[in-house]
Amino acid sequence: LAPLATLLMLAVPALTTRLLAEEMRLGTIELLLTAPIRDWELVIGKWLGAFLLTLTILVFTLIYPLVLNNLVDPGLDQGLVISGYLGLVLLSAAFVAVGVFISSLFSNQIAAFATTMGALIFLWWVVGPIAQVLGETSAVGQFFSFIDLSDQLFSNFLSGMVELKDVVFSLSLTALALFGASMVLEVRRWR
């Protein structure tokens, strides 16, 4: 499941780059902003569409554990598979939300794609080594250790542990990114 998380990190920017950036480039964002919906409803709708597409991709990958379960003698540890997929769902929700937020900042799809890719690579691969170099004793090191997605969130799910702090962290990152995107649209409305 870890390689699938890496593939999600690389695929989600492509899925989210057009969500709001293309609307701004074409000028259709004004139509959406004058529609009788709130900004957060627009952001949630865009996020939900991309998230459901990501979930559809994840559902198709369930065939591999099912086939592997039939091929090995004692079978797979079902709890480990379920916790791993729960981690993937929460991780993809956060990735898509970050992509929606960054897409709301740009009117250029390429800039939105590159920035989303950079942000996800930073949160997935770069924050962990920075936290290790700074150590757990400093406040900055503790902060970087806290926001390390690969260690904080996903390693626990891969080992079969579903901790409330990891679920809350993922949902908080998702909510914060979606709130940020709705605030960007609110500012754009009043410009």
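Me: Why is Glu23 called buried?

Reply: Happy to explain! This is a predicted model, and the relative accessible area of Glu23 in it is 17%. Buried means under 20%, so Glu23, at 17%, counts as buried. Glu23 sits in helix H2, which spans residues 21-26.

Me: What does Glu23 touch, not counting residues up to four places away in sequence?

Reply: With those left out, Glu23 touches Arg18, Thr28, Ile29, Leu32 and Lys46. To count as a contact, heavy atoms must be within 4.5 Å.

Me: How do you know whether Ser103 is buried or exposed?

Reply: We use the accessibility again. The value for Ser103 is 0%, and the limit for buried is under 20%, so Ser103 is buried. You will find Ser103 in helix H6, residues 78-105.

Me: What makes the meeting of Ser103 and the backbone nitrogen of Leu20 a polar contact?

Reply: Distance is one part of the test. The side chain of Ser103 reaches that nitrogen of Leu20 at 2.9 Å, and a polar contact needs N or O atoms within 3.5 Å. The value fits that limit. A polar atom of the Ser103 side chain also lies 3.4 Å from the backbone oxygen of Thr17, which again fits within 3.5 Å.

Me: Which residues is Ser103 in contact with, leaving aside its neighbours within four places in sequence?

Reply: The list includes Thr16, Arg18, Leu19, Ala21, Met24 and Ala112. Thr17 and Leu20, which we have just met, are on the list too.

Me: And what makes Ile102 count as buried?

Reply: Ile102 has 6% relative accessibility. Buried means under 20%, so Ile102 is buried. Ile102 lies in helix H6, and its contacts beyond four places in sequence are Ala112, Thr115, Thr116 and Ala119. Here is one more distance: Ile102 and Phe113 are eleven residues apart in sequence, and their C-alpha atoms are 8.4 Å apart in space.

Me: How do you know whether Tyr64 is buried or exposed?

Reply: Its relative accessible area is 61%. Exposed means over 50%, so Tyr64 is exposed. Tyr64 is in helix H5, residues 63-71.

Me: What makes the nonpolar surface patch that includes Tyr64?

Reply: Tyr64 is joined there by Ile63, Val67, Leu68, Leu71 and Val72, and the patch measures about 600 Å². A residue in a patch needs over 30% relative accessible area; Tyr64, at 61%, passes that limit.

Me: Why is the pair of Glu41 and Arg38 called a salt bridge?

Reply: Side chains of opposite charge can pair when their charged atoms come close. The N to O distance between Glu41 and Arg38 is 3.2 Å, and the limit is within 4 Å, so the pair counts as a salt bridge. Glu41 has 29% relative accessibility. That value lies between 20% and 50%, so Glu41 is partly exposed.

Me: How do you know that Glu163 forms a salt bridge with Lys165?

Reply: Their closest N and O atoms are 3.7 Å apart, and this is within 4 Å, so the pair passes. Lys165 also meets Asp166 in a salt bridge, at 3.3 Å from N to O.

Me: What are Lys165 and Asp166 called: buried, partly exposed or exposed?

Reply: Lys165, at 43%, falls between 20% and 50%, so Lys165 is partly exposed. Asp166 has a value of 0%, under 20%, so Asp166 is buried. Elsewhere, salt bridges with shared partners join Arg18, Glu22 and Arg25 into one network. The structure holds six salt bridges.

Me: Which residues of helix H8 are buried?

Reply: In H8, residues 139-146, they are Gly141, Phe144 and Ser145. They cover an arc of only 100 degrees around the axis, so they lie on the same side of H8.

Me: Finally, how many helices and strands does the chain have?

Reply: There are ten helices and zero strands. Buried residues make up 42% of the 191 residues in the chain. Its C-alpha atoms fill a box of roughly 60 × 45 × 30 Å along the principal axes.

Notes:
Residues numbered from 1 in each chain as written. Predicted model: local features only at pLDDT ≥ 70, side-chain atom pairs only at ≥ 80, totals over all residues. Heavy atoms only, no water. Patch = residues over 30% accessible without salt bridge, like charges linked within 9 Å, V, L, I, M, F, W, Y side chains within 5 Å. Areas by Shrake-Rupley, 256 points an atom, 1.4 Å probe, with all protein chains shown as cover. Salt bridge = Lys/Arg side-chain N within 4 Å of Asp/Glu carboxyl O. Helix = DSSP H or I, 4+ residues; strand = E, 2+ residues; numbered from the N terminus. Buried < 20%, exposed > 50% of the residue type's maximum accessible area, 1.4 Å probe, protein only. Arc of directions from axis to C-beta. Polar contact = N/O pair within 3.5 Å; in protein donor to acceptor, adjacent residues only side chain to side chain.
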